[in-house]
Amino acid sequence: MLQNIMAYEEAVFKVVHKSENFEIRYYEERIVIQTRSKSGNNSFRKLFNYISGKNKEEKKIEMTTPVTVLQDDDQMIMQFFLPSRFDINSAPLPADDSIEIASINAGYFAVIKYSGFASDQNFIKHANILKSLLDLNKIEIASQPIKATYDGPFTLPNLRRNEAMFLVKWEK
């Protein structure tokens, strides 16, 4: 069996509830770089250039997972999480004005995992399944769906880890 030989730092979370089909995770505050666009074209490349040293300090930063994508009105936001050693003040400033450093507040996220391609169709299908499960369990959704991808394009589709997520109100 093929193994993913690249090890990336992953956003740390604590599972606070696990059901047969989804889980609720608690994430601490996290720092991201992000870019907004109407189509998503070139978003990955812009963020990748930033971590490859095209920032004001010309500092290379290791890749982390997941890469997240969410919709904000008519714009798509793509985010790379920065390694945990960075905070909002220590992250290198972007050289590209379309990239911003942001903080994702701590919170609870409902998550459903799936494999295959991270296509919009596959993501929407799983986000809808998760939404139905949350509605059924009377868990209030507090965000648009978030697409999280963990593997690169050369990973076989059946070995890929993708997730659909929602910020939720969790008090249990």
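Leaving aside its neighbours within four places in sequence, with which residues is Ile33 in contact? Select Ile33 in this predicted model and display its surroundings. Beyond those sequence neighbours, Ile33 is in contact with Leu47, Tyr50, Ile51, Met78, Gln79, Phe80, Leu82, Ile99, Glu100 and Ile101.

**The nonpolar cores**

Next, extend the selection to the largest nonpolar core, which has 16 residues. Ile33, Tyr50, Ile51, Phe80 and Leu82 are the members that touch the most other members. Two or more residues of this core come from each of strand E4 (30–37), helix H1 (43–51), strand E6 (67–72) and strand E7 (75–81). A second core, separate from this one, has 15 residues, among them Leu130, Ile139, Phe166 and Val168. In soluble globular proteins, nonpolar side chains tend to be buried together.

**Ile77 in strand E7**

Proceed to Ile77, which is found in strand E7. Is Ile77 buried or exposed? Ile77 counts as buried because its relative accessibility is 5%, under the 20% limit. Apart from neighbours within four places in sequence, Ile77 is in contact with Gln34, Thr35, Arg36, Thr68, Val69, Leu70 and Asp72. Now draw a C-alpha to C-alpha distance from Ile77 to Ile146: the two are 69 residues apart in sequence and 9.8 Å apart in space.

**The second largest pocket**

Ile146 leads to the second largest pocket, as one of the lining residues that lie nearest its centre; the others named there are Leu70, Ile104, Phe109 and Leu167. The volume of this pocket is about 350 Å³, and 19 residues line it. By class, nine of the lining residues are nonpolar, eight are polar and two are charged. To display the strands around the second largest pocket, select E4, E6, E7, strand E8 (99–104), strand E9 (107–114) and E12, each of which supplies at least two residues of the lining.

**Glu163 in strand E12**

Finally, centre the view on Glu163, which lies in strand E12 (residues 162–169). Glu163 is buried, because its relative accessible area is 0%, where the limit is under 20%. Which side chains make polar contacts with that of Glu163? One is the side chain of Arg25, at 2.8 Å; another is the side chain of Tyr150, also with a contact of 2.8 Å. With neighbours within four places in sequence set aside, the residues in contact with Glu163 are Arg25, Val111, Ile112, Lys113, Tyr114, Ile146, Lys147, Ala148 and Tyr150. Ile146 thus appears here in contact with Glu163, having been met already at the second largest pocket.

Terms used. Residues numbered from 1 in each chain as written. Predicted model: local features only at pLDDT ≥ 70, side-chain atom pairs only at ≥ 80, totals over all residues. Heavy atoms only, no water. Helix = DSSP H or I, 4+ residues; strand = E, 2+ residues; numbered from the N terminus. Buried < 20%, exposed > 50% of the residue type's maximum accessible area, 1.4 Å probe, protein only. Polar contact = N/O pair within 3.5 Å; in protein donor to acceptor, adjacent residues only side chain to side chain. Contact = heavy atoms within 4.5 Å. Core = buried A, V, L, I, M, F, W, Y, C linked by side-chain atoms within 4.5 Å. 1 Å grid on protein atoms, 1.4 Å probe; cavity = no way out; pocket = protein on both sides within 12 Å on 5 of 7 lines; lining within 4 Å. Points joined across faces, edges and corners; volume = space filled by probe spheres on them. Nonpolar A, V, L, I, M, F, W, Y, C, P; charged D, E, K, R; others polar.
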